[in-house]
Amino acid sequence: PPPDQQQVGAVRRAYNKAEMAKLGQLPMALLFAIFTLFCTVAFAVIHFPKKYAPALLHKAKAKAIEYKVYDGAKAAASRLKLASTSAYHSASEAAAPHLAKGMEKAAELYEKTSSTIASSPVASAALEKGLVATSQVRARIAAELLKLKDAQAAPLVTKHDEERDSEV
């Protein structure tokens with residue numbers, strides 16, 4: 001037979017030999033294998049750190065004390081603190097003249113702007129309107145507070161009290 005028919009025949013023979021029930025179980029077997037792998041990983045992630053972490057932590061602390069890691073860290077921190085303090089002082093000394101000049105400029109600009117605003121008719125009109133609005137709000141709040149004070153001073157009479165008084 002021609003080669004194409006030989007291949008078709010081989011596929012047909014394999015298909016006839018295959019048990020379809022077992023082939024149908026392959027997707028479920030794959031899901032079962034993935035679930036088993038997930039459970040194994042979850043067990044390893046939970047169980048082993050819980051069991052071995054305290055012992056490893058104790059050994060690590062003992063080795064840190066043995067190799068004087070803490071002393072080295074303290075020494076490095078103190079050196080770093082000393083170096084940063086000296087760097088800060090030298091930087092602040094270098095910036096002091098510039099800071100003084102900047103403060104003088106800021107004071108000059110403040111004086112110029114305040115005099116400009118005071119002489120501006122638009123700014124003074126806005127200031128007056130703001131003051132009027134503020135005083136109106138204060139008066140309204142004071143009136144409401146007086147009403148609340150008067151309401152608290154009056155005795156609280158409930159419906160039950162009125163019914164009781166009418167029966168007597």
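Aromatic pairs and a nonpolar surface patch

Phe-48 and Tyr-52 both belong to helix α3, which spans residues 26–66, and are four residues apart, about one turn of the helix. The model is a predicted one. Two aromatic pairs are present in the structure. In one of these, Phe-43 and Phe-48 meet edge-to-face, with 6.0 Å from centre to centre and 75 degrees between the planes. The pair formed by Phe-48 and Tyr-52 is stacked, with a centre-to-centre distance of 5.9 Å and 10 degrees between the planes. The assignment of the two geometries follows from the angles, because planes under 30 degrees apart count as stacked and those over 60 as edge-to-face. Through these ring pairs, Phe-43, Phe-48 and Tyr-52 are linked into a cluster.

The members of the cluster were also examined for accessibility. Phe-43 has a relative accessible area of 47% and is partly exposed. Phe-48 is partly exposed at 38% relative accessibility, and Tyr-52 is likewise partly exposed, at 39%. These residues are classed as partly exposed because that class covers values between the limit for buried, under 20%, and that for exposed, over 50%.

A nonpolar patch on the surface is made up of Tyr-15, Met-20, Leu-23 and Leu-26. Together these residues have about 440 Å² of accessible area. Met-20, one of the patch members, lies in helix α2, which comprises residues 20–24. The relative accessibility of Met-20 is 48%, and this residue therefore counts as partly exposed.

Conventions. Residues numbered from 1 in each chain as written. Predicted model: local features only at pLDDT ≥ 70, side-chain atom pairs only at ≥ 80, totals over all residues. Heavy atoms only, no water. Phe/Tyr/Trp six-rings, centres within 6.5 Å; stacked < 30°, edge-to-face > 60°. Buried < 20%, exposed > 50% of the residue type's maximum accessible area, 1.4 Å probe, protein only. Helix = DSSP H or I, 4+ residues; strand = E, 2+ residues; numbered from the N terminus. Patch = residues over 30% accessible without salt bridge, like charges linked within 9 Å, V, L, I, M, F, W, Y side chains within 5 Å. Areas by Shrake-Rupley, 256 points an atom, 1.4 Å probe, with all protein chains shown as cover. Salt bridge = Lys/Arg side-chain N within 4 Å of Asp/Glu carboxyl O.
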